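This report describes the interior, the pockets and some individual residues of one protein model. The sequence and structure are shown first, and the discussion follows.

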Amino acid sequence: MDVVVGVRAAEAEDAGALAEALGRNRGHMRATEPYRPERYYTAEAQAERLADGGRRWFAVEGERIVGAAILSGIVLGPFRSASLGYWVDGERTGRGIASLLVAEVLRASRDELGLHRIEASTLLDNHASQRVLAKAGFERIGTAPRYLHIAGAWRDHHLFQRILHDRPPPLA
């Protein structure tokens, strides 16, 4: 019997499970993630990340984290925007998990956070992630040369955005 994957908001108590998931996927994510020091893969470091002001969601099979999405750089006021990042367990790619995560982030961004716009970026050759973003309604808005330091070099990225609504921002 297949275990059903669910998506839920991250909690402070998830630090150990998140550290385990990241450690398990180190090799899988090496080509698309910035360099991470050893401490990054500890529960203590992940507890600090979970408290850093970003919003996170996890794809879970039972208690096991098999993917994550984060909104960072959340800006309110007249901009009402944030940056999206996500990953899926190397043993679970191609099963729609990234699409589930992105759909929940977009829903929560619009309905709970009142954001207007979400941005995302991918390495030029990350076609799987580009398909996830296209399926979720993102449009490519450009290419940023030497955008992020990954695998020992500054790498070009395609930039994407998704407009969530056109309502005016709430009055303070």
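How many aromatic pairs does the structure hold? The structure, which is a predicted model, holds one aromatic pair. The partners are Tyr-40 and Tyr-41, and because their ring planes stand at 85 degrees, with the centres 5.1 Å apart, the pair is edge-to-face. The angle decides the description, since planes over 60 degrees apart count as edge-to-face. Tyr-40 has a relative accessible area of 13% and is therefore buried, the cut-off for that term being under 20%.

**Nonpolar cores**

The largest nonpolar core is made up of 26 residues. Those with the most contacts inside this core are Leu-71, Leu-84, Tyr-86, Val-102, Ile-118 and Phe-138. At least two residues of the core come from each of the strands E2 (55-61), E3 (64-75), E4 (81-88) and E5 (117-123), and likewise from each of the helices H4 (97-111) and H5 (127-135). H4 supplies the largest share, with seven residues.

Val-102 gives a view of how this core is connected. Apart from its neighbours within four places in sequence, Val-102 is in contact with Leu-84, Tyr-86, Val-132, Ala-136 and Phe-138. A second core, separate from the largest one, has 13 residues, among them Leu-22, Tyr-40, Ile-65 and Ala-68. Tyr-40 thus belongs to this second core as well as to the aromatic pair.

**Pockets**

The two pockets of greatest volume are set side by side below.

| Pocket | Volume | Nonpolar lining residues | Polar lining residues | Charged lining residues |
|---|---|---|---|---|
| Largest | about 1,400 Å³ | 25 | 14 | ten |
| Second largest | about 230 Å³ | seven | three | four |

In the largest pocket, 49 residues form the lining, and Glu-33, Gly-85, Tyr-86, Trp-87 and Ser-129 lie nearest the centre. Tyr-86 is therefore a residue to follow in both settings: it is listed among the residues with the most contacts inside the largest core, and it lies among those nearest the centre of the largest pocket, where lining residues are those with an atom within 4 Å of a pocket point.

The second largest pocket is lined by 14 residues. Closest to its centre are Arg-30, Pro-34, Tyr-35, Arg-36 and Tyr-41. Tyr-41 is also a partner in the aromatic pair with Tyr-40.

**Backbone and individual positions**

Which residues have a positive phi although they are not glycine? Arg-146 is one of them, with a phi of about 45 degrees, and Ala-151 is another, at about 50 degrees. Arg-146 is placed in strand E6 (residues 139-150), and with a relative accessibility of 59% it counts as exposed. Ala-151 is found in the loop between E6 and strand E7 (153-163).

Glu-13 lies in the loop between strand E1 (5-9) and helix H1 (15-24). Its relative accessibility is 66%, so Glu-13 counts as exposed. Glu-13 and Ala-151 are separated by 138 residues in sequence and by 31 Å in space, C-alpha to C-alpha.

Arg-95 occupies the loop between E4 and H4, two elements that each supply at least two residues of the largest core. At 57% relative accessibility, Arg-95 is exposed. Arg-95 and Val-5 are 90 residues apart in sequence, with 9.8 Å between their C-alpha atoms in space.

Definitions and conventions:
Residues are numbered from 1 along each chain as its sequence is written. This is a predicted model: local features need pLDDT of at least 70, side-chain atom pairs count only at pLDDT 80 or more; totals for chains, interfaces and linings use all residues. Side-chain values use heavy atoms; hydrogens and water are left out. A nonpolar core is a set of buried Ala, Val, Leu, Ile, Met, Phe, Trp, Tyr and Cys residues joined through side-chain atoms within 4.5 Å. Buried means under 20% relative accessible area, exposed over 50%, partly exposed in between (1.4 Å probe, protein chains only). Helices (H or I, at least four residues) and strands (E, at least two) are DSSP runs, numbered from the N terminus. Contact means heavy atoms within 4.5 Å. On a 1 Å grid over the protein atoms alone, a cavity is a set of points where a 1.4 Å probe fits but cannot get out, and a pocket is an open set with protein on both sides within 12 Å along at least five of seven lines; lining residues have an atom within 4 Å of a point. Grid points are joined across faces, edges and corners, and a volume is the space filled by probe spheres set on the points. Ala, Val, Leu, Ile, Met, Phe, Trp, Tyr, Cys and Pro count as nonpolar, Asp, Glu, Lys and Arg as charged, and the others, Gly among them, as polar. Rings of Phe, Tyr and Trp (its six-membered ring) pair if their centres lie within 6.5 Å; planes under 30 degrees apart count as stacked, over 60 as edge-to-face and the rest as tilted.
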